[in-house]
Each structure stands twice: as C-alpha cells, then as structure tokens.
Amino acid sequence: MAYAPTTVTITGAGGQIGYALLFRIAAGGMLGQGRPVRLKLLEIPQGMRAAEGAALELQDGAFPLLAGVEVSDDPRTAFDGCNIALLVGARPRGPGMERADLLAANAGIFGPQGAAINAVAADDVRVVVVGNPANTNALIAAASAPDVPADRFEALTRLDHNRALGQLAAVLEVPVSAIRDVTIWGNHSATQFPDVAHATVSDPSTGSRIGVVDALAERLGGREAAERWLDETFIPRVAGRGAEIIEVRGSSSVASAAHAAISHVRDSVLGTTEGWTSAALVSRGEYGVPEGLVSSYPVTSTGDGYRIVEGLELDARSRARVDASVAELVAERDAVRALGVA
Ligand code: NAX
C-alpha cells in the first residue's frame, strides 16, 4: 500500500538535536520504511541559516522517502498540515535566570506554538515535547490548543528510560534487550523516579525471567546491597546523567536524545513490542497524579498512541518518590498559571 507523506514539523531544527534527528527521520528511521515524510523545519531568525544548511544537506542525501523540506521562522507556516510535531527548540536557562524566569520564557515559546498547532495542524496531529522543561512545556502547549485533544501532547522521558536500561544492563552484564518493564515516573528532571520494582531480566541460558531486584541481589551480594545500589547509585546516576554527559563531553546529550525522540514516536505509531516503555502523558488521575499534569508513566502502544499501564502496585517508598516528582510538576504548573498560562 502506498502511504501519503506524513508531515513532520521539527522546531529548533537548526540546533544540535535537530541536526541529529533530521537525517534519521528522512531515512525512514522514525516512521518505518515505505512511509514518505515531508519535513517542516521551524527556527527563530538567528537559527534560520543553520536550518537552511541542514535542508541543503537533506537534499544532498537524496533520501527516497523524503517528499519535501521547508524551512520557516513562522509557526503557522511550519505547523500547517502537521501530523507529528517534535518541539525541540526551547529557551535554555541563562546566567542568573530563576526557575520562574525560565518557565516564563518558555511559556512565550510553547504558548504560541500550541496556538499555531491548534489553528493549522492536521486533525490527527500528535505532539512530542523535547525542549526543557519538557513536561511543563507540553502542558503549556496543550493548554494553548483547546481544539486538539489534550492526550495528543506528550513529553520525552524515553532518554531517561534508556539511560536506566543502560545502567542495569551494565551492572547485570546482560544485553539491554534482556531487560523489560522499567518505568520512569514524574518529571524529566532530577526528581524523576527510575523504578525497577516491576522490571524483569531474562536468563540467557534458560530464557526464563526473574525480577531485576532479585538479579541485582544475586550479583551484588544480597537484597540490602541491591537496594543500596538502587538508592545510592542507580537512581541518582540516571536522574543526573544529563549533567554527567555535560561534564564529560563538554556539551549536552544530543545523539542519545535524538534517538530517544525517534524511538518515542516510532513505538507510538508502530507499537511497542515486549513490555512497556516510558513517556510523559497528560494525566487523567492515574496513580494519583493530578489531572492535567504531564507526568511520566509506564506506557504501551498498539500503533495508535500511548496508553498508561494501570494497576501496578507502588510500595510506600516508591509512592513517596513519585509524589516528590509530581509535587515539582504541580509547582511548575502553578508557576505558569500565575503567568496566566495553562
Ligand atoms: P540547541 O541550542 O543546539 O538548539 C535549540 C534550537 O532551538 C536553536 O537552534 C534555537 O535557535 C532554536 N529555537 C529556540 N527558540 C525557538 C523557537 N521559539 N522556535 C523555534 N526554534 C527555536 O539545543 P539542543 O541541544 O538541540 O537541545 C534542545 C532542547 O532539548 C533543550 O531545551 C534541551 O534542554 C532539551 N533536551 C531535552 C531532553 C529530554 O530528554 N527531554 C534531553 C536532551 C536535551 O537536554
């Protein structure tokens, strides 16, 4: 069956993550082979030359699936007919900038972008926010798009999810594919809760699955040692990995972030395979998260968008960690509400 091209809008397309995204999307890495894609690149005037340069290189790639590339600094042009929007461009925290200033600066970006999506995007538009603070930026965009169902707005926590898988695979000395059902709860920030309570790992010799906590206990010398490693090493390392990358690399995560964004969309539109992944979705009250917040959850998809995995038990310590991250999301929401947004 021949598909009509899918229109994908990427904001901040002249930036680092944009550059790492564009060529993989054009090559079919996000929507799958056989699905042509039309790329629309949104930048601010200062970023236009970089985006235009990327567009020239896309042309030079002669990608068979690439049905067209447009570059614009006007949100209404860039979101016109958009089926999938990746909102990457955001205002970074500058020197001396308080959190409230950062939220206000980003409200000035994600509010108008949400309004443009509301006005001109395709009826089936889906929006994934990458630019930080991603969860609250998604909330702002959703609030500015009253005609688009709120559940079409999501934020990226797949990078955190993948970071958690990477850490577990290293300590258990198994391939990442052996591990499933890790969850990132809450905000894409230092308060996030990477949770392995329901995660399992397959035994390569027998193929049977055991709990990750049991596997860690076996490897690290008992349950107490496993819990200590989770609390003192794993959780802070996953939550602080962005800072670690900046420290080692001298610049923030780019390729891993682009890969996570592509995997997020791919699993949403093509379906998750084994177990669940993590994504920040608009809460309808699941797991006690106040309705309307964009919070990370365990999610699955059968190819028609993510659904939250419900019914998991959270013990008291896990509950407290989820609550702490959700409290931060509430504070961010209240701060943007005070600005008259959301
Ligand atoms: P860059 O500074 O390289 O690129 C950002 C681009 O966005 C720039 O070219 C800028 O001109 C453009 N831009 C700014 N305002 C815009 C607007 N209103 N409309 C369109 N374009 C606009 O940053 P990069 O490394 O690409 O990171 C982009 C964002 O991703 C940052 O906010 C960063 O914090 C966030 N991240 C989110 C991650 C996640 O897991 N959710 C992980 C990686 C990354 O830290």
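Which backbone N or O atom lies 3.4 Å from an oxygen atom of the ligand? That atom belongs to Gly15. The model is predicted: local features need pLDDT of at least 70, side-chain atom pairs count only at pLDDT 80 or more, and totals for chains, interfaces and linings use all residues. Residues are numbered from 1 along each chain as its sequence is written, and side-chain values use heavy atoms, with hydrogens and water left out.

**Ligand site**

Two side chains also make polar contacts with the ligand (pairs of N or O atoms within 3.5 Å). Glu43 places a polar side-chain atom 2.6 Å from a ligand oxygen. His188 does so at 3.4 Å. Taken alone, the ligand exposes 870 Å², and the protein buries 80% of that (Shrake-Rupley areas, 1.4 Å probe). Helix H1 (16-26) and helix H4 (99-120) are the elements that give two or more residues to the shell around the ligand. Helices here are DSSP runs of H or I with at least four residues; strands are E runs of at least two.

The shell holds 22 residues. Gln16, Ile17, Glu43, Val130 and Asn132 come nearest. A residue counts as near if one of its heavy atoms lies within 4 Å of the molecule.

**Salt bridges**

The structure holds 18 salt bridges. Each is a side-chain nitrogen of Lys or Arg within 4 Å of a carboxyl oxygen of Asp or Glu. Three of them are listed here.

| Pair | Closest N to O distance |
|---|---|
| Glu70 and Lys40 | 3.8 Å |
| Arg180 and Asp181 | 3.6 Å |
| Asp334 and Arg333 | 3.3 Å |

Take Glu70 and Lys40, joined by a salt bridge. Glu70 lies in strand S3 (residues 66-72) and Lys40 in strand S2 (residues 37-42), so the pair ties together parts that are 30 residues apart in sequence.

How exposed are the partners? Buried means under 20% relative accessible area, exposed over 50%, and partly exposed in between (1.4 Å probe, protein chains only). Glu70 is partly exposed at 39%, whereas Lys40 is buried at 6%. Arg180 is partly exposed at 24%, and Asp181 is buried at 10%. For the last pair, Asp334 is partly exposed at 36%, while Arg333 is buried at 15%.

Salt bridges that share partners also join Asp151, Arg284 and Glu286 into one network.

Definitions and conventions
A polar contact is a pair of N or O atoms within 3.5 Å; within protein, one must be able to donate a hydrogen and the other to accept it, and residues adjacent in sequence count only if both atoms are side-chain atoms.
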